[in-house]
Amino acid sequence: MFANTPVDIFSFADREIFLKRDDLLHPAFSGNKARKFAYFLDHDFAGINKVIGHGSPLANSLYSLSALAKLKGWQCDFYVDHIASQIIKHPTGNYAAALANDAHIIDLSDIMARRPALTPQLELDTGSLINTRTTLVDKDIEAHLSCQDYIEKNVLKNEPTALFIPEGGRCSYAEYGVSILAKEIMHFAQANKLDDLTVFLPSGTGTTALFLNQSFIRHHTNIRVKTCAVVGGDDYLRLQFSMLNADISEHPQIINTGKKYHFGKLYAEFYVMWQRVCASGVEFELLYDPLGFIVLEDYLLHGHRGPLMYLHQGGLLGNATMLPRYQRKYDRNNI
């Protein structure tokens, strides 16, 4: 259902680079997550009536899963560690859009808070006392389970008609949609005689970057992917690559500026970079793209001379939440 997305010319760092507009894929199901979830959209899943995911209540994946479920006629259950009261009182962005798609957003902290308190009963039988204590320890451990562990332990066994998709779409099924993207880029490079094209994108789980680079190599092209770690650091990103493909020769190259940033934290340089690139007339998102362009600019200014393509991965709905945060923290005159 997706058309080949256009490629624009984009002026950046005193260069003209190509901009792959995956933000234009589909009005309700666009960008990075649409590529990752394309397999589920394009194939029939007999007996499935629900999709289960997890992550942040503001995540692009929440909205994309809700859109996927709506398109497929499924229910969407999305588990989160916690939902801030401000988000509940004033729903915006991905959270509000997912609710509009009838997604069930399940707060694990609320589930744990509503569980009845456990009071150990002292018994004369030593074995019974040990069993009671063991139960209490197990319940305490359960209260600290990650969303994925909680789903795997307590939910999936009771949901035989549900499809579980890991956080951010990091799974082997993502290769299907990303390989289609790779073919679009290869056709563009061939048509424009760009044998040594470099494709750059910022990464969370690194799923898109990995499967892109893997596809380019397996199709015997000279196109290669470079990326930067936005969530966690370089070692975390390498681990994510290895969980999907143990062959490090097919992994993308990770580049950075040498400066560490904390995911989701507001930085003045991120806001400034976002304003710069949006001045082109193309809107970018505020969570991944600012660091992506900071790393890319450093890379370009330090000597890369070949043709380069930046992958616009969408996620613009998240700006409804991120932009007010930046505006409250930074006055433009003080940046």
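Good morning. I shall begin with a cysteine: at 6% relative accessibility, cysteine 147 counts as buried, because the cut-off for that class is under 20%. Cysteine 171, at 11% relative accessibility, is therefore also buried. Please bear in mind that this is a predicted model. A search of the whole structure finds 0 disulfides.

Let me turn to the sheet. Six strands form an open sheet with mixed pairing, in the order β1-β2-β10-β7-β8-β9. The edges are held by β1, residues 7–12, and β9, residues 253–254; each has a single partner strand, so one side of each is left without a neighbour in the sheet. Within the sheet, β7 (residues 198–203) and β10 (residues 308–312) pair in the parallel sense over 3 bridges. There, phenylalanine 200 has tyrosine 310 of β10 as its bridge partner. Helix α9, residues 174–191, lies across β1, β2, β7 and β10, and runs at about 140° to β2.

What of the nonpolar interior? The largest nonpolar core has 33 residues, and Phe12, Phe284, Phe293 and Leu296 have the most contacts inside it. At least two residues of this core come from each of β1, β2, α12, α13, β10 and α14. Helix α13 gives the most, with 7 residues.

Which residues does phenylalanine 284 contact, leaving aside its neighbours within four places in sequence? Among them are Phe10, Leu19, Trp274, Phe293 and Tyr310. Polar residues also appear in that list, including Asp289, His312 and Asn319.

Finally, there is a second, separate core of 27 residues, which includes Leu25, Phe40, Leu41 and Leu65. Thank you.

How values were computed. Residues numbered from 1 in each chain as written. Predicted model: local features only at pLDDT ≥ 70, side-chain atom pairs only at ≥ 80, totals over all residues. Heavy atoms only, no water. Pairing = 2+ DSSP bridges. Helix = DSSP H or I, 4+ residues; strand = E, 2+ residues; numbered from the N terminus. Contact = heavy atoms within 4.5 Å. Axes fitted to C-alpha atoms, helices over the stretch in contact; angles between N-to-C directions. Disulfide = S-S within 2.5 Å. Buried < 20%, exposed > 50% of the residue type's maximum accessible area, 1.4 Å probe, protein only. Core = buried A, V, L, I, M, F, W, Y, C linked by side-chain atoms within 4.5 Å.
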